[in-house]
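New to this one? Here is a quick briefing to read alongside the sequence and the 3D view.

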Amino acid sequence: MFEVYHKTISYLVSVISPKKGNLTYPFAFYFYAVAIALFYMKLTFLILCCAAVLACSGQEPWTLKKDSLEHLLSQESVDSDKVWTMRDLGVVFLDHDEPDSAMNYAKKLGVLSDKIHLYSGVALGLSMQAVILADANKLDEGIAMDLAAIEAAKKSGRPKTMANIFNNTAMLYNRKGDYT
């Protein structure tokens, strides 16, 4: 790398010099020689930085999140942590327009929550399925699923979960045009 700069400066010395009469001030020769060498050093550094960024940006951020959640899911035992990881995976897939995968995790979330008697998980799984059905223009099925989610949320005794599901149900009724 240093050879390139040395050759560049040597070339400049042979082409531009005060002895040949093409430079009026001797200090200008040194200024230009150093400026050109610095330019090439900066250009090399910029190219290396761009190459590093391109090499390190292999996956999209949401796929990294999905992969890390799936890895975490494979290592967790059957408990509430696994339920919440399934919920997070379902949300990631739902946010990135993959309703089939989101529905798969929503169903698994409901089954596992029912198995360990975690009623807020059952409610969230049913509510997530309702959202997915509503996005597929199956509003009646989505409303029925949300009504079942409300019953499960009542068993959980968690007011915030109930409020979120009531809100989701109201939005589905609004989308349907049923204001009764």
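The accessible surface of the chain comes to about 11,800 Å², and carbon and sulfur atoms account for 62% of that surface. Keep in mind that this is a predicted model. Of the 180 residues in the chain, 32% are buried.

**Overall layout**

- You'll count eight helices and zero strands in the chain, so to speak an α-α-α-α-α-α-α-α run from the N terminus on.
- Take the contacts in the chain with a separation of 6 or more: 52% of them involve residues 24 or more positions apart.

**The largest nonpolar core**

- The largest nonpolar core holds 15 residues. Those with the most contacts inside it are Val-83, Met-86, Phe-93, Tyr-105, Leu-109, Met-128 and Ile-132.
- Three elements give two or more residues to this core: helix H4 (80-95), helix H5 (99-115) and H6. H5 gives the most, with six residues.
- What does Leu-109 touch, not counting residues up to four places away in sequence? The list is Val-83, Met-86, Arg-87, Gly-121, Leu-124, Gly-125 and Met-128.
- There's also a second, separate core of eight residues, and Val-122, Ala-149, Ala-152 and Ile-165 are among them.

**The aromatic pair**

- A search of the whole structure turns up one aromatic pair. Phe-93 and Tyr-105 form this pair, and they are stacked, at 5.7 Å centre to centre with 10 degrees between the planes.
- Phe-93 sits in helix H4 and Tyr-105 in helix H5, so the pair ties together parts that are 12 residues apart in sequence.
- Buried or exposed, these two? Phe-93 is buried, and Tyr-105 is too.
- Tyr-105 has another partner to look at: Lys-108 lies over the face of its ring, at 5.3 Å from the ring centre.

**Helix H7**

- Helix H7 covers residues 139-156, which makes 18 residues. From its first C-alpha to its last it reaches 25 Å, close to the 26 Å expected at 1.5 Å a residue.
- Its buried residues are Leu-139, Gly-142, Ile-143, Asp-146, Ala-149, Ile-150, Ala-152 and Ala-153.
- What covers those buried residues of H7? The cover includes helix H6 (119-135) and helix H8 (159-176).
- Right after H7 comes Gly-157, and its phi is positive, near 70 degrees.

**Two residues to click on**

- Gln-129 belongs to helix H6. Its relative accessible area is 10%, below the 20% cut-off, so Gln-129 counts as buried.
- Leaving aside neighbours within four places in sequence, Gln-129 is in contact with Met-103, Ala-106, Lys-107 and Met-145.
- Leu-94 is placed in helix H4. With a relative accessible area of 26%, between the 20% and 50% cut-offs, Leu-94 is partly exposed.
- Not counting residues up to four places away in sequence, Leu-94 touches Ala-102, Val-131, Ile-132 and Asp-135.
- Leu-94 and Asp-135 are 41 residues apart along the chain, and their C-alpha atoms are separated by 10.0 Å.

Definitions and conventions
Residues numbered from 1 in each chain as written. Predicted model: local features only at pLDDT ≥ 70, side-chain atom pairs only at ≥ 80, totals over all residues. Heavy atoms only, no water. Helix = DSSP H or I, 4+ residues; strand = E, 2+ residues; numbered from the N terminus. Expected span 1.5 Å × (residues − 1). Buried < 20%, exposed > 50% of the residue type's maximum accessible area, 1.4 Å probe, protein only. Contact = heavy atoms within 4.5 Å. Core = buried A, V, L, I, M, F, W, Y, C linked by side-chain atoms within 4.5 Å. Phe/Tyr/Trp six-rings, centres within 6.5 Å; stacked < 30°, edge-to-face > 60°. Lys NZ or Arg CZ within 6 Å of the ring centre and 35° of its normal. Areas by Shrake-Rupley, 256 points an atom, 1.4 Å probe, with all protein chains shown as cover.
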